[in-house]
Amino acid sequence: MLIKALCDYYDYTDSKGENQTKDHLTEQNVHYMIMLTDDGEISEIVDIREEKEIMQKNKKTKIVLNPVIAKLPKRTQKSGIDVNIVEHRPLYIFGLNYDKGVFTPNDRTEKAKKSHLCFSEANLDFFSDLKSDIAKAYCLFIQNWEPEEQCENPFLLELGKNYSNSYFTFGLSGHPESPLHMNTELLDKFQKKYEVKAKEENDTADMLMCPIEGQLLPTARIHNKISGFRGGNSTGCVLVGFKESAFESYGKTQAFNSGISITAMNKYTSTLNKLISDKRHRIFLDDMTVVFFAMSNNDENECDIFSYLMTGDQVDKLNNNLE
């Protein structure tokens, strides 16, 4: 019933097509925009978080900074070191760890170095034939950036402790209204590659009656990860998964046991990730994450009422400490 409700919410809120995220894109919280010069140098790192006034229980208001939601090329769902096209994670982009005021490319497992190398190779390969100014600047940034030489980078030092827990996007100096992730040339190429891959997966997937959509559709073998749970895996968790063979039956492997279609899987995972990332749609009670929503194109009032009923003074203090 939970998955059905999440899919219904996806369909309801996107009934006019105004908020719909295409299958090849994914919504991602972004805190800063890295502004690049034409030759790929950082000119500034701009805080793009939005100010929001919220009412506290003592009826006083306070201003909080919320990340903006950017629609980026579909994130990878693989475990371990793997890269995204138009990367948003600082470890991959900069290849540096931050610890007690110090930036360093070194760590016990060399994860920073491996992550940055993976990012550089994959993105330079993808962007090699793109001609836009922002794409060229992005490639030059990747080619020029040497983590070992950037431990005292003034822009990163200014970020300080915000570095590790923030996500980034790229823009061209003088043109902040046209960030890299909105570049038409980039999105067209990524969509074509995604559609080819999706067709290959659909052609090899089992065709089953989806219990959510009520149609005969290709079944999702692996479900996308959900991020943001308190106490969950830092790389995300799956809501539907059959990792061990002991949970499989009738000769079906992995999530083919569930019969949930690729269409429904994309809907519910996209919706749940979006709700968890929105403070208005979730609260944390110790290590439990409570998500709530109403079937409305604007359910802010309903969510505010539910949040108020669920939270007491002690919970408010706890959430403030966790965030």
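Which residues are exposed on the other side of H3? Keep that question in mind while you open this predicted model, and begin the tour at the helix itself.

**Helix H3**

Select residues 111–127, which make up helix H3. The end C-alpha atoms of H3 are 24 Å apart, which agrees with the 24 Å that its 17 residues should span at 1.5 Å a residue. Next, colour Ala112, Ser115, His116, Phe119, Ser120, Asn123, Phe126 and Phe127, which are the buried residues in H3. If you look down the axis of H3, these buried residues fall within an arc of 145°, so they line one face of the helix. Turning to the other side of H3 answers the opening question, for Glu121 and Asp125 are exposed there.

**From the loop after H3 to helix H6**

Move on to aspartate 129, which sits in the loop between helix H3 and helix H4 (133–144), and show lysine 189 together with it. The side chains of these two residues meet in a salt bridge, with 2.7 Å from N to O. Lysine 189 lies in helix H6 (residues 184–204), so the pair ties together parts that are 60 residues apart in sequence. Lysine 189 counts as buried at 18% relative accessibility, because the cut-off for buried is under 20%, whereas aspartate 129 is partly exposed at 43%.

**Strand E2 and its two partners**

Now select strand E2, residues 32–36, where five of the five residues are buried, so the strand is largely enclosed by the rest of the structure. Tyr32, Ile34 and Leu36 point one way from E2, while Met33 and Met35 point the other way. Add strand E3 (residues 42–47), which pairs with E2 in the antiparallel sense over five bridges, and then strand E9 (residues 168–172), which pairs with E2 in the parallel sense, also over five bridges. Methionine 35 is a useful residue to follow here, since its bridge partner in E3 is glutamate 44 and its bridge partner in E9 is glycine 171. Between E2 and E3, which form a hairpin, there are five residues, and glycine 40 in the turn has a positive phi of about 85°.

**Helix H7 and the loop that follows**

Continue to helix H7, residues 262–277, whose 16 residues should span 22 Å, in agreement with the 22 Å between its end C-alpha atoms. Twelve of the 16 residues of H7 are buried, so this helix is largely enclosed by the rest of the structure. Lys267 is one of those buried residues, and it is also linked with Asp11 and Glu213 in a network of salt bridges. In the loop between H7 and strand E12 (282–285), select arginine 280, and then aspartate 304 in helix H8 (residues 300–310), 24 residues apart. Their side chains meet in a salt bridge of 2.8 Å, N to O, and both ends are partly exposed, with arginine 280 at 22% and aspartate 304 at 34%.

**Two last stops**

Select arginine 89 and glutamate 87, which form a salt bridge whose closest N and O atoms are 2.7 Å apart. Glutamate 87 is buried, with a relative accessible area of 0%, while arginine 89 is partly exposed at 22%. Finally, show the surface around Met207, Met209 and Leu216, which make a nonpolar patch of about 320 Å². Leucine 216 lies in strand E11 (residues 216–218) and counts as exposed at 53% relative accessibility.

Key: Residues are numbered from 1 along each chain as its sequence is written. This is a predicted model: local features need pLDDT of at least 70, side-chain atom pairs count only at pLDDT 80 or more; totals for chains, interfaces and linings use all residues. Side-chain values use heavy atoms; hydrogens and water are left out. Patches are made of residues with over 30% relative accessible area and no salt bridge: like charges are joined within 9 Å, nonpolar side chains (Val, Leu, Ile, Met, Phe, Trp, Tyr) within 5 Å. Accessible areas come from the Shrake-Rupley method with a 1.4 Å probe; for residues, only the protein chains shown count as cover. A salt bridge is a side-chain nitrogen of Lys or Arg within 4 Å of a carboxyl oxygen of Asp or Glu. Helices (H or I, at least four residues) and strands (E, at least two) are DSSP runs, numbered from the N terminus. Buried means under 20% relative accessible area, exposed over 50%, partly exposed in between (1.4 Å probe, protein chains only). The expected span of a helix is 1.5 Å times one less than its number of residues. The arc is that of the directions from the helix axis to the C-beta atoms. Two strands pair if DSSP finds at least two bridges between them.
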